[in-house]
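Hi everyone, thanks for making time. I'd like to walk you through one structure today, so have a look at it and we'll go through it together.

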Amino acid sequence: MSQSSRSTPRRPGGKPVPDISVVRTGLAAALVVVGIAWILVYVNVAADGQSLTWMGDLGRWNYLIGFLCIFFGLALAAHPSTPLGRGRGVVIGMLGCFLIGLLWIVTYYITGQNLSLPVIKDLGQYNLMVGIGFMATGFIYATRWE
């Protein structure tokens with residue numbers, strides 16, 4: 001079959017569906033992993049202030065850096081050139097972000113700071129921002145839903 005006789009997959013509106021970008025997919029996954037690793041390193045190593053003093057000096061800003069990496073990675077994965085940005089992946093990403101955000105907020109309210117979950121205990125009222133951040137990322141996926 002010749003190249004000219006192949007049909008390009010198209011969306012209902014007539015726009016061609018882009019090929020999957022390995023670079024964008026890898027970058028999105030890397031940002032999520034870096035964000036999770038940043039928070040884990042801070043909680044387990046640098047929070048005591050004895051080792052990784054530069055990170056310990058940032059204090060709770062480390063949570064902002066980690067969660068922003070996670071949110072940007074998830075938002076980057078919502079692009080149609082990634083597996084999560086097309087077809088059923090959009091629904092999975094959208095519902096996953098909504099549920100994680102909801103569970104984060106519910107866990108915070110149920111535990112009422114009594115549970116010794118280090119991240120939830122350290123963030124205090126900022127847990128609401130984390131939950132809303134996950135839900136906002138879910139809305140990015142919702143705009144891609146066809």
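Let's start with a single residue: where is the place of W61? W61 sits in helix 3. Before I go on, please keep in mind that this is a predicted model.

So, W61 first. The side is open: W61 counts as exposed because its relative accessible area is 57%, and the cut-off for exposed is over 50%. W61 also has company out there. Together with V41, V45, L52, W54, L58, L64, I65, L68 and F72, W61 makes a nonpolar surface patch of about 890 Å². Helix 1, helix 2 (53-58) and helix 3 are the elements that give two or more residues to that patch. Helix 3 brings the largest share, with five residues. As a general point, in soluble globular proteins nonpolar side chains tend to be buried together. I'll leave that next to the patch without reading anything into it.

Now let me zoom out for a moment. What does the chain have in the way of helices and strands? There are six helices and zero strands, and along the sequence the pattern reads α-α-α-α-α-α. The chain has 146 residues, and 31% of them count as buried. If you take contacts with a separation of 6 or more, 63% of them come from residues 24 or more positions apart. The accessible surface of the chain is about 9,200 Å², and carbon and sulfur atoms account for 69% of that.

Next, the inside. The largest nonpolar core has 24 residues, and F67 and Y141 are the ones that touch the most other members. Which helices supply at least two residues each to this core? Those are helix 1 (22-46), helix 3 (61-76), helix 4 (88-111), helix 5 (118-123) and helix 6 (127-142). Leaving aside residues up to four places away in sequence, Y141 touches L74, A77, A78, L84, V90, G93, M94 and C97.

On to the aromatics. The whole structure has eight aromatic pairs. One of them is W38 with W54: the ring centres are 5.9 Å apart and the planes meet at 70°, so this pair is edge-to-face. W38 is in helix 1 and W54 in helix 2, so the pair ties together parts that are 16 residues apart in sequence. Is W38 buried or exposed? Neither, really: W38 is partly exposed, with a relative accessible area of 23%.

Then there's F67 with F71, and this pair is stacked, at 6.2 Å centre to centre and 25° between the planes. Both are in helix 3, four residues apart, so about one helical turn separates F67 from F71. F67 is buried, because its relative accessible area is 8% and buried means under 20%. F71 is buried too, at 14%. And these two belong to an aromatic cluster, which is made up of F67, F71, W104 and F134.

One last stop, away from the aromatics. G112 is in the loop between helix 4 and helix 5, and G112 is partly exposed, with a relative accessible area of 41%. How far is the C-alpha atom of G112 from that of G124? The separation is 9.2 Å, with G112 and G124 being 12 residues apart along the chain.

That's my tour, and I'm happy to take questions.

Methods. Residues are numbered from 1 along each chain as its sequence is written. This is a predicted model: local features need pLDDT of at least 70, side-chain atom pairs count only at pLDDT 80 or more; totals for chains, interfaces and linings use all residues. Side-chain values use heavy atoms; hydrogens and water are left out. A nonpolar core is a set of buried Ala, Val, Leu, Ile, Met, Phe, Trp, Tyr and Cys residues joined through side-chain atoms within 4.5 Å. Buried means under 20% relative accessible area, exposed over 50%, partly exposed in between (1.4 Å probe, protein chains only). Contact means heavy atoms within 4.5 Å. Patches are made of residues with over 30% relative accessible area and no salt bridge: like charges are joined within 9 Å, nonpolar side chains (Val, Leu, Ile, Met, Phe, Trp, Tyr) within 5 Å. Accessible areas come from the Shrake-Rupley method with a 1.4 Å probe; for residues, only the protein chains shown count as cover. A salt bridge is a side-chain nitrogen of Lys or Arg within 4 Å of a carboxyl oxygen of Asp or Glu. Rings of Phe, Tyr and Trp (its six-membered ring) pair if their centres lie within 6.5 Å; planes under 30 degrees apart count as stacked, over 60 as edge-to-face and the rest as tilted.
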